[in-house]
Amino acid sequence: IQFSVISSGLRGFIFSVTSTNLIQRFRNTVFACVVKQDIEFFDQTKTGDITSRLSSDITTVGEAVSVNLNIFLRSTVQAGQYYTNKNLEVIEMFDS
C-alpha cells in the first residue's frame with residue numbers, strides 16, 4: 001500500500017471528525033444566540049425557520065468550510081512538496 005493512500009484516508013477521517021465537531025460548535029453557538037433573543041423575535045419568526053437554521057443551514061455551512069479547508073491544506077502541502085523537489089533538483093545540479 002502506498003503512503004499517499006494511507007495519508008489520504010487518514011486526512012479524510014480527520015477532516016470528517018473535524019467537520020462533525022465544527023458543525024456541532026456552530027449549532028451550539030447559533031442556539032445560544034437564539035435563546036438570548038427577546039420574546040418579540042419569537043413572535044415574528046416562525047418556528048420552522050429557526051429549526052431550519054439550526055439543522056440544514058448550519059450543516060451546509062460547516063461542510064462547505066470543512067471541504068474548502070481540506071482543499072486549501074492539501075494544495076498547500078502539494079505546493080510545499082513541489083517547492084522542496086525543485087530546490088533538491090537545483091542542489092543536485094550543483095553537486096554534479
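This report walks through the fold, core, pocket and one buried serine of a predicted model.

## Overall fold

Let's start with the big picture. The protein has three helices and zero strands, and reading along the sequence gives the pattern α-α-α. Helix α1 covers residues 3-35, while α3 runs over 47-95.

Contacts give a feel for how the chain comes together. Of the contacts in the protein with a separation of 6 or more, 80% are between residues 24 or more positions apart.

## Surface and burial

If you are thinking about solvent exposure, two values are handy here. The accessible surface of the protein comes to about 7900 Å², and carbon and sulfur atoms account for 63% of that area. Buried residues make up 10% of the 96 residues in the protein.

## The largest nonpolar core

Which residues make up the largest nonpolar core? There are five in all: I23, V34, I50, L54 and I58. Two elements, α1 and α3, each give two or more residues to this core. The most come from α3, with three residues.

V34 deserves a second look as a member of this core. Leaving aside its neighbours within four places in sequence, V34 is in contact with F41, F42 and I50. Of these partners, I50 also belongs to the core.

## S19, a buried serine

S19 sits in helix α1. Is this residue buried or exposed? S19 counts as buried because its relative accessibility is 11%, and the cut-off for burial is under 20%.

What does S19 touch once residues up to four places away in sequence are not counted? Its partners are G62, E63 and S66. These three positions fall within the 47-95 range of α3, so to speak of S19 is also to speak of a contact between α1 and α3.

## The largest pocket

For anyone who likes to look at pockets, the largest one holds about 200 Å³ of space. Its lining consists of S4, S7, S8, R11, R74, V77, Q78 and Q81. Both α1 and α3 supply at least two residues of that lining, and the same two helices contribute two or more residues each to the largest nonpolar core.

How does the lining divide by class? Five residues are polar, two are charged and one is nonpolar. The charged pair is R11 and R74, and V77 is the nonpolar residue.

Notes:
Residues are numbered from 1 along each chain as its sequence is written. This is a predicted model: local features need pLDDT of at least 70, side-chain atom pairs count only at pLDDT 80 or more; totals for chains, interfaces and linings use all residues. Side-chain values use heavy atoms; hydrogens and water are left out. Helices (H or I, at least four residues) and strands (E, at least two) are DSSP runs, numbered from the N terminus. Buried means under 20% relative accessible area, exposed over 50%, partly exposed in between (1.4 Å probe, protein chains only). Contact means heavy atoms within 4.5 Å. On a 1 Å grid over the protein atoms alone, a cavity is a set of points where a 1.4 Å probe fits but cannot get out, and a pocket is an open set with protein on both sides within 12 Å along at least five of seven lines; lining residues have an atom within 4 Å of a point. Grid points are joined across faces, edges and corners, and a volume is the space filled by probe spheres set on the points. A nonpolar core is a set of buried Ala, Val, Leu, Ile, Met, Phe, Trp, Tyr and Cys residues joined through side-chain atoms within 4.5 Å. Accessible areas come from the Shrake-Rupley method with a 1.4 Å probe; for residues, only the protein chains shown count as cover.
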